[in-house]
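Trainee: Could you walk me through the helix packing here? I'd like to hear the reasoning behind each label.

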Amino acid sequence: MSTTDAPKKPRETDDVPVPATLRKSLKNRHIQLIALGGAIGTGLFYGSSESIALAGPSILLAYLVGGLAIFAIVRALSEMSVEDPKAGAFSYYATHYWSKRAGFISGWNYWFNYILVSMVELSVVGSFVNYWFPAIPTWVSAAVFLVIICAANLLGVSKFGEFEFWFAIIKIVAVIAMIIGGLAVIIFVLPTASGVRASFANWFTVGNGFFPNGLMGQNSDGSWTGLLMALVVVMFSFGGTELIGITAGETEDPKTTIPRATNDIIWRILVFYIGALGVIMAVVPWNTIDGKSSPFVQIFDSVGIHAAAGILNFVCLTAVMSVYNSGLYANSRMLYSLAKQGNAPAYLGKLNSRGVPVAGVLTSAAITAIAVVVVFVWPEFAFNYLMSIATIAGIINWTMIMLTEMKFRKVVAAGGAPEDSELAGLSGQEALDAIHFKLPFAKVTPWVVLAFLALVVVLMCFSTSYRIAVIAGVIWLAILFAAYQLTQAKK
């Protein structure tokens, strides 16, 4: 029989039944936009007010320093993802290259973190809907969007990719439009509501200059401010960029796509954070950005475009949906990976004919729904304590990525590279040199990043709102360690 007559292997898509396995259906455009969308959320549109108030124009330096740290973290994760693309990246790598305990802690920490983040996003979605439809109860909005996103995730990974692609497009267009609009105000010297001429010189001439609060200082009320304190707020605005690693197991060509998406992170931070906020503070005096409305709304209001509030409300609504969409996807893959490691119930490791871990999707959605109910019934408890765990969980996750990368390199140097990797059969420096997508200055970078993350935790102790997160983090880690020991004892 000729090769033209030979039966063809079914193509791995979400619509063609093939044996239950994860589908490599995410294309380059999906990964690029998922990576970009993960760095742009309500933290940029609204949360940037807090960071600007703390550091003034010097916040641009905070975003640059924090962005470099995040870039190194994602590069470390991508180094492993390219050589060994697996679902549930952090947990799988921690288990395989470190220990089963590390995989348990890494996986459940990340899962619970996204449950809490999703909880907050769904609990506030009603406020955006009420902007147009004030009569709709907020819990109804939360329930509707939970069902919609859950259904989208059950359709298959390519459908998830499409949703994220368009969610990201909306956010990107909004930021670029703001930057172009702001530059037009500066270039054509258009009048502004504040009466202050729009100019980049405003960074240095308004409100005590570029470093109005110095590196770190104390206000009369005892609160701390300055560039270093702003780093804490800045770091948590970058949460979600590590989603690239989760997608590696379902990407068509991870060796090409993942490096490209990872390397682009740094210019995205430059454009979408530093560029956007730089333009905003050139048009709107930074000391008038009080957090009562988004800086993005203020920049358009300042030149008389008052429809901006409605437009930004729509953008933020899509941003919230994007966060929950990403969270549900990441959590379902994390539960799948944990189940395969023996760190979660076996039923979570089953896939349907479309390659979707249905049990993981439904379980994560159900727990999120319970968490949202907690927000509505006990909002103070949810935001003071549960969100404290979510806050510190990001630091724990980034720390474990860097530690795992160092373990990964030790295993590779010892000749323990994955069998299907090009590194298989190599050892020592030869194996390390053959790594396809290396972390720059790998002997030093992890330690620099770990020291930086430790500094962030120390700075959190100076902030009343973040101090509780540090305490919650210690308790949370103790719970994870105890849970692991308990599960092992039962086995």
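Mentor: Sure, starting with a definition: the expected span of a helix is 1.5 Å times one less than its number of residues. Helices are DSSP runs (H or I, at least four residues), strands likewise (E, at least two), numbered from the N terminus. Keep in mind that this is a predicted model, where local features need pLDDT of at least 70, side-chain atom pairs count only at pLDDT 80 or more, and totals for chains, interfaces and linings use all residues. Residues are numbered from 1 along each chain as its sequence is written, and side-chain values use heavy atoms, with hydrogens and water left out.

Trainee: How do you know that the length of helix α15 agrees with the expected span?

Mentor: α15 covers residues 308-341, which is 34 residues, so it should span 50 Å; the C-alpha atoms at its ends are 49 Å apart, and that agrees. Right after α15 comes Gly342, with a positive phi near 85°.

Trainee: What makes α15 largely enclosed by the rest of the structure?

Mentor: Buried means under 20% relative accessible area, exposed over 50%, partly exposed in between (1.4 Å probe, protein chains only). In α15, 30 of the 34 residues are buried, so the helix is largely enclosed.

Trainee: Why are α4 and α17 called oblique to each other?

Mentor: Axes are lines fitted to C-alpha atoms, for helices over the stretch in contact, with angles from 0 to 180 degrees between N-to-C directions. Under 35 degrees counts as roughly parallel, over 145 as roughly antiparallel, 65 to 115 as roughly perpendicular, and the rest as oblique. The axes of α4 (residues 59-83) and α17 (residues 379-413) come within 9 Å and cross at roughly 45°, and the pair is therefore oblique.

Trainee: Which residues make that contact between α4 and α17?

Mentor: Contact means heavy atoms within 4.5 Å. Among the residues involved are Ile73, Leu77 and Met80 of α4 and Trp398, Met402 and Phe408 of α17. The residues of this α4 and α17 contact divide into 10 nonpolar, 1 polar and 4 charged. For that split, Ala, Val, Leu, Ile, Met, Phe, Trp, Tyr, Cys and Pro count as nonpolar, Asp, Glu, Lys and Arg as charged, and the others, Gly among them, as polar.

Trainee: What makes α4 and α13 roughly antiparallel?

Mentor: Their axes come within 10 Å and cross at roughly 165°, and α4 and α13 are therefore roughly antiparallel. Including Tyr63, Gly67 and Phe71, residues of α4 meet residues of α13, including Tyr273 and Gly278. That α4 and α13 contact has 15 nonpolar, 2 polar and no charged residues.

Trainee: How do you know whether Leu450 is buried or exposed?

Mentor: Leu450, in helix α19 (residues 445-460), has 15% relative accessibility, so it counts as buried. Leaving aside neighbours within four places in sequence, Leu450 is in contact with Thr399, Met402, Leu403 and Met406. Leu450 and Trp398 are 52 residues apart in sequence and 8.6 Å apart in space, C-alpha to C-alpha.

Trainee: And why is Asn208 called exposed?

Mentor: Asn208 has 70% relative accessibility, so it counts as exposed. It sits in the loop between α9 (202-205) and β1 (217-218), and has a positive phi of about 70° although it is not a glycine.

Trainee: What about Phe441, buried or exposed?

Mentor: At 72% relative accessibility, Phe441 counts as exposed. Phe441 lies in the loop between α18 (428-433) and α19, and its phi is positive, near 50°, in a residue other than glycine.
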